Amino acid sequence: MSFTSESDLMEKVEQSIDANLATAKTNFAWLRENMHPYFFITMRQEPEAIAVLATVLDSLKTNKHRILADTDKKLILASLNLPGTLYESLRNLRERDISFAHITQSYAQVPGSDKMLEIQRFEFERKNDHEIAAGLQCELAIPAEIREPVLMALQRNYPDFDFDDFDCCLKMLWLNNQNYVENSPPRRVAQILSLYHQGKENGGIHLDVEESAGHGNTTETRILFAVSNPPQRDFLQQIMEVFKRMGIGIKRTYCLTISNGRHPFFLGTFYVHKKEADLSDNKTELFLQLQKELFNTQLLQTRSQAYQEFVTRNIMSGEDVSLVNAFIAFCHTNLAHSGDRYDLEGVERAFYSHPDLCLQLVELFRLRFDPERNNREPAYEKLHGTLSHLIEHYNTGHKRVDAYRKTIFHCCLLLIRHTLKTNFFVLKKQALAFRIDPAYLAELKDCFTDDLPEARPFRVTFFFGRYGVGYHIGFSDIARGGWRTLITNGRDDYVTCANTMFKETYVLAHTQHLKNKDIYEGGSKLVAVLDALTVRDPQLVQQRLYKLQYGFASAFLDIYCSHADGSIKNPKVVDYYGEEEAIELGPDENMHDIMIEAIAKLAEKRGYMLGIGIMSGKKVGINHKEFGVTSAGVVKFAEVTMEQLGINYRQDEFLVKMTGGPAGDVAGNAMRLLLDHCPKVRINLILDGTGAFYDPQGADREELSRLLLSKDIEAYDPEKLHVGGYLIYRGQRRKEGLKELYRKMIRTESGVNEQWLSVDEFYSDFNGLPFAVKADLFIPGGGRPETIDGDNWKNFFSENGTPSARAIVEGANSFITPEARIELQKKGVIVMRDASANKCGVISSSYEIIANLVMSETEFIENKKSYVSDVLDILEQRAEGEVKLIFKRHQEAEGFKLYTDISDDISTEINQQYASLFEYFRKNPEICADPLFEKAIYQHLPAFLRDNAEYLGRIKKLPAKYLYAILAVEIATSMTYQGNKGGDMLWILKGHLSRIYNQAA
């Protein structure tokens, strides 16, 4: 056996180094010749990585990939361009935030191989929204040698750019990725700025193509794709899968994900050999199909089972799979609220088991709504008949399974048949919307509607998005109501909320309709459920929230933006309804100011008939929290109710317990009003999402005042507790082995002591407090619907039958179920239901919309103080008028009618009269010009408008439906609140007889 001497070893190493050096130089020359020049521009700051590449290039023939750089902030890989290499890299990075991606291929095969070289470069330096927002507020001068060439490149190549926004956009890009701006050619930076501008101007999504010079004499097509607030993290992987599925080979890719201070923005540039794919302009068939699939990435999750079952196997296009997912969501939410049997997994299985049936259902939908198809009806009717027969005779040999799936597929057919318009064929969409005729409810089995209010709505609108579903349900032509979004944590939470969301929306909308009796808009509600998975990062959850809300709002406008004659503006929407629809929204749970303003501006830009009036609660409006408009009615009801109990609200001592925290709109403002009006009130219980406060002697007034409208109850200082008082915290936890414990601070004679509760102890205490704590008055000012229900209402009473509160004034919607309300009142508790007690918020919103319709933003701001003062006076009158009427009718009925039934009677009475009058005025429009009826219209308005001739002139120019509605509600409410049933009937009879006999004479 021979041994190599140390000197021989050193010599061989040096020879190997010399050989590798020579090879590296040869490889480097090859790289310079066969890589696009932009490769070296973008790699300007990576000489070490290029040197490593030149050294290891030959080894790629035997290695899957070689790492050229790998740090916390970047990853650079080299590999042969083999199927799956890029997707494997992106799958491995799907949980990381990519700020910049550069993927490029060589223009010749690697020496000694039949494959091209592929370089993948990823950077992970995403700036958060707060960081960028703060930077945009600071002074920052971009060096002139960078700014001026970029400006000139923009002016030369993209003259449609908004140059007033140039410095702000360049500053934003600089703050996100200074290296990119410094090291990219001016034309490249100009291109990215233009792409960002196009994305903003086109509803948050934009796709275009440009011709570009390739390497040598080749010509390339540059694909430009921008998405505002893109789906999180794995979005680039999904885009590349679209290109792969469509057989479009990408030569080079440059992708930036930046923040604009509010949310992320994806800016992608993809280069394709022109001869390999006909994407030369935006009218080729391939481009149109690519557009559909790329836009559909806003709807379709690659992790969804439908994607895996149907898309990856080339059974369906991504667009069709999104529709199937919408079918599944509709069937699940319409059937599951009646029981646990129709769970999401069961509905999914029904569709996934029958791809052939899915394809036919999709085709049926396309036949009904594809605007490019001529003579749709015969083909639609024929296929509908075929599918109806197929579903009716569905038979797998398993009787129970067959019955179960027949119900599901029948429900899907109802959706297709009763949808009156949809935005499915609108290209630039971030959610799907279906305006549905509520008649479909009558075709469902009774078991699926028995748990809903008997009244049927005027319209149902179903929304489907990538991260959630939603319903808007309205009970009249002109309707308004809040938009709440439920943020769920994990699949179990999501499915649980989705199971009951249709019922929740229906009940809330119906309650809203009863509540809206004092205004010209009927009741409606929009409820969405957001699937936040188990994301712990609040910023990521917020991004998903805004993505869902903006997508739903845009989809809403797709199907409700119409011309004056009622025809839909978007030619891609086939409309079987044919009338304009005035729907107003308002803020509710998880609707933040930034989205309120964004939705209002979007509606104005899209030409919605109400403009910014689509949304209340704006800066140019009457902010509910700022003015406490909802709480004004709740507290007025509390004042009159206390009088009925023999308690002088402003002089006597009394105890109040509340759900909803001091930072909340309803509860916070109710606490503020109680502390202002009632020097001896003691608030002894407060529950909100952060925890619970209990104090037998009542909250310290100064400490509670410190928290009002700004901080949750967890911020209450435990040192301010009285003996026996305590705080329990939902968010302050610790682990003890496998047990999770919740913090509790309790005041004893010796001071404040800390305790730790088990999960069972925490929820037992937290959930039991509203029932057990004794008070004179209970104001539910927050909390989930149906907290007090038919099963637990008994807990409100002690063993001897004494209630824990003598009166309940519902500030939160549907906090108590109808069954529980009845039982509580039978046992002597006064219950003032939500439809009456908290109606003032929606009345205020109605007057905000009137202001938006007749005043400019400047006029409103200038006159806001006077206008809001008048509105607050109206709220006082409306609340006092109804609560006194409820007690008056209760007294007349000698206690044999429940307070909540009287409340319902008042709402029903007004709404029925309103509906009849509205329809009458629609058929007899000339009546609105009669001086007496004009006076009734003006009487409905705040004094500020009534006393201003210019604004009155504008009132006459409101949409005709609005005038009919205002006149109808003013007459209906005045007849109920100010009328005299006997006297009014006498006048009606006399008028009738006089007309008959005068005609006879």
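Here is a chat about how to read a few features of this predicted model.

Reader: Let's start with the rings. How many aromatic pairs does the structure hold?

Author: There are 53 aromatic pairs in it. Let's take one of them, Phe365 with Phe434. Their ring centres are 5.9 Å apart and the planes meet at 70°. Planes over 60 degrees apart count as edge-to-face, so that is the label for this pair.

Reader: Where do Phe365 and Phe434 sit along the chain?

Author: Phe365 belongs to helix 15, residues 355-369, while Phe434 belongs to strand 10, residues 432-436. The pair therefore ties together parts that are 69 residues apart in sequence.

Reader: And are Phe365 and Phe434 buried or exposed?

Author: Buried, both of them.

Reader: Which charged residue lies over the face of Tyr107?

Author: That's Lys251, at 5.1 Å from the ring centre. Have a look at Arg252 too: its charged end sits over the ring of Tyr271, 3.9 Å from the centre of that ring.

Reader: Now helices. What do I look at when two of them pack?

Author: Two packed helices are described by the angle between their axes and by the distance between those axes. Here, try helix 13 (residues 318-335) against helix 15: the axes come within 10 Å and cross at roughly 95°. Angles of 65 to 115 degrees count as roughly perpendicular, so helix 13 and helix 15 are roughly perpendicular to each other.

Reader: Which residues of helix 13 and helix 15 meet?

Author: From helix 13 you have Glu319, Asp320, Leu323, Val324 and Phe327. On the helix 15 side they meet Cys358, Leu361, Val362, Phe365 and Arg366. Sorted by class, this contact has seven nonpolar residues, three charged ones and no polar ones. Phe365 is also the ring we paired with Phe434 earlier.

Reader: Last topic: backbone angles. What should catch my eye?

Author: Most residues other than glycine have a negative phi. Asn229 has a positive one, near 50°, and is not a glycine. You'll find Asn229 in the loop between strand 6 (219-228) and helix 10 (235-245).

Reader: Is Asn229 buried or exposed?

Author: Buried means under 20% relative accessible area, and Asn229 has 4%, so Asn229 is buried.

Reader: What about Glu786: what is its phi?

Author: About 65°, so to speak on the positive side, although Glu786 is not a glycine. Glu786 lies in the loop between strand 22 (775-780) and strand 23 (805-809). With 36% relative accessibility, Glu786 counts as partly exposed.

Notes: Residues are numbered from 1 along each chain as its sequence is written. This is a predicted model: local features need pLDDT of at least 70, side-chain atom pairs count only at pLDDT 80 or more; totals for chains, interfaces and linings use all residues. Side-chain values use heavy atoms; hydrogens and water are left out. Rings of Phe, Tyr and Trp (its six-membered ring) pair if their centres lie within 6.5 Å; planes under 30 degrees apart count as stacked, over 60 as edge-to-face and the rest as tilted. Helices (H or I, at least four residues) and strands (E, at least two) are DSSP runs, numbered from the N terminus. Buried means under 20% relative accessible area, exposed over 50%, partly exposed in between (1.4 Å probe, protein chains only). A charge sits over a ring if NZ of Lys or CZ of Arg is within 6 Å of the ring centre and within 35 degrees of the ring normal. Axes are lines fitted to C-alpha atoms, for helices over the stretch in contact, and angles run from 0 to 180 degrees between N-to-C directions. Angles under 35 degrees count as roughly parallel, over 145 as roughly antiparallel, 65 to 115 as roughly perpendicular and the rest as oblique. Contact means heavy atoms within 4.5 Å. Ala, Val, Leu, Ile, Met, Phe, Trp, Tyr, Cys and Pro count as nonpolar, Asp, Glu, Lys and Arg as charged, and the others, Gly among them, as polar.
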